[in-house]
Amino acid sequence: MITVEGLVEVYSDGTKAVNGISFEVKEGEFFGFLGPNGAGKSTTIKVLTTLLRKTRGRVNVAGFDLDRSPAEIRKCIGVLSQETSLDVDLTGRENLRLQGRLQQMHGKALEERVDDLLKLVQLKDVANKPAGRYSGGMRKRLDLASALIHSPKLLFLDEPTTGLDTQSRAAIWDYLEGLNKKEGLTIFLTTQYLEEADKLCRKLAVIDHGELIASGTPTELKDSVGGDTITLDLKEISLRPTAKEILKTVSGVIDVADFDRGLVAHARNAGEIIASIVTNLDRNGIQLSFLSISTPTLDDVFLHQTGRRIRPDELSKRETEPFLM
C-alpha cells in the first residue's frame, strides 16, 4: 500500500527533517510510526498525503507515484490530523455532509454513509447539535468520521489522540481496531504514545532525528532489548558514575544507561541478580531510594537504541515489581 525509498525532506532553512528513510506498509496493515516530538513523523505523513513536496526519494501510495499522480492519491486516502478541522457552527451531521460533497458524494448514498458513520462513532444522538458544543473527545470522533466519509483505502492518523482524556483515547482505539480488523482498512499511525503503538500496531518503525532506528512487530522490537529492565533511583545522584561502573561488572547485565535520578539496566534473569546488585552498591556506600524490575517496553527499545527515553516528561506505563528502599 505504501513504498518509501530514500525519502529526504530538507526545509528552506536547511533543516533536514527526514534523512533517507525507507519502509513499506502492506495492504490491510496497521502500521505505526513511533518517535518523540521533532523526530520527523509529521513531516513524513505530510509528504505521503501530498501536503508537502519531498526533496528527494521515491514514494508510492495506493499504487500511485507521488510525483506523477498526487490527485489520484488524494482520492483514495483519508487524513486525521492532530488538530480537528471541523466547522463549529455546523451540526455534526452537516459537517459530514459537507465533507461528503467535497468528495463528490450526493443524495441517498451520502445520507446513508453519514448515518452509518454517526452510528459508528456514537454521535447519532447529538448529530443535530453544533459541533462547537461537543467535548474534545466528541470532536475527535466526528473528525475521524469526516476522514472516513468517502470510504478511503488508506487512513493516515497524525497523533490522533493527543490531548484526549483516557476514556476518549480508549474509545478512539476501539474504533480504529474495528476499522482495521473488521473492514481491512490500512492505517498509518504516527504517535509518541507507547501504549497506543503497542496496542494497535502490527508493525512499527521507530524514528529519531529524521532517521529510522528500528522496525518490526512490537514483540520483535521488545525482544531485541535482550532482557528485563532494572530501574534504580539513587539517593545521591552524584554517585551515579560509580554506580554505573559497578552495575557493568555484575554478571548478566547487558547494558547500563543514565535515567532521571538514577540508572536503567537491561539484564538476563534480572530477578536472580538483584541481590548481587544491591549488595555491591551497598558495599560502596551507594544507597537506593527505589528499584524495580519490568519486562521490556517500547520505551526500553528507544532507550536501548538512543540512550534516552522517548517521552522524558512521562514514564511509560508498565508492569513492575517494585522494591522500596
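# Why these labels fit

Q: In this predicted model, what makes lysine 108 and glutamate 112 a salt bridge?
A: Their side chains meet with N and O 3.9 Å apart. The cut-off is within 4 Å, so the pair gets the label.

Q: How do you know how lysine 108 and glutamate 112 are spaced along helix H4?
A: The two sit 4 residues apart in helix H4, which covers residues 107-120, and that puts about one helical turn between them.

Q: Why is lysine 108 called exposed, while glutamate 112 is called partly exposed?
A: Lysine 108 has 64% relative accessibility, and exposed means over 50%. Glutamate 112 comes in at 42%, which falls between the 20% and 50% limits, so "partly exposed" is the right term.

Q: What makes charged side chains pair up at all?
A: Side chains of opposite charge can pair when their charged atoms come close.

Q: Why do lysine 75 and glutamate 72 count as a salt bridge?
A: Their N to O distance is 3.4 Å. With the limit set at within 4 Å, the pair qualifies. Both belong to helix H2 (residues 70-75), where being 3 residues apart separates them by about one helical turn.

Q: Which of the terms buried, partly exposed or exposed fits lysine 75, and which fits glutamate 72?
A: Lysine 75, at 56% relative accessibility, is exposed, since that label needs over 50%. Glutamate 72 has 31% and is partly exposed.

Q: How do you know that lysine 248 forms a salt bridge with glutamate 245?
A: The closest N and O atoms of lysine 248 and glutamate 245 are 3.6 Å apart, and the rule asks for within 4 Å, so they pass. They lie 3 residues apart in helix H9 (residues 240-248), separated by about one helical turn. Lysine 248 is partly exposed at 48%, and glutamate 245 is partly exposed at 47%. Elsewhere, salt bridges with shared partners link Glu177, Lys181 and Lys199 into one network.

Q: How many salt bridges does this rule give?
A: The count comes to 13.

Q: Why is cysteine 76 called buried, and why cysteine 201?
A: Cysteine 76 has a relative accessible area of 10%, and cysteine 201 has 5%. Buried means under 20%, so the label suits cysteine 76 and cysteine 201.

Q: How many disulfides does a search of the whole structure find?
A: The search turns up 0. A disulfide would need a pair of cysteine sulfur atoms within 2.5 Å.

Q: What makes strand S2 and strand S5 edge strands?
A: The open sheet has 4 strands in the order S2-S1-S4-S5, with antiparallel pairing. Strand S2 (16-25) and strand S5 (64-65) each pair on one side only, and that makes them the edges.

Q: How do you know that strand S1 and strand S4 pair?
A: Strand S1 (residues 2-10) and strand S4 (residues 56-61) share 5 bridges in the antiparallel sense. At least two are needed, so they count as paired. Within this pairing, valine 4 stands opposite valine 59 in S4.

Q: Which residues have the most contacts inside the largest nonpolar core?
A: They are Leu96, Leu123, Leu155, Leu176 and Leu298, in a core of 48 residues. Leaving aside neighbours within four places in sequence, leucine 96 is in contact with residues including Leu110, Val114, Leu142 and Ile149. Apart from that core lies another, of 26 residues, among them Ile45, Val61, Ile73 and Cys76.

Note on methods
Residues numbered from 1 in each chain as written. Predicted model: local features only at pLDDT ≥ 70, side-chain atom pairs only at ≥ 80, totals over all residues. Heavy atoms only, no water. Buried < 20%, exposed > 50% of the residue type's maximum accessible area, 1.4 Å probe, protein only. Core = buried A, V, L, I, M, F, W, Y, C linked by side-chain atoms within 4.5 Å. Contact = heavy atoms within 4.5 Å.
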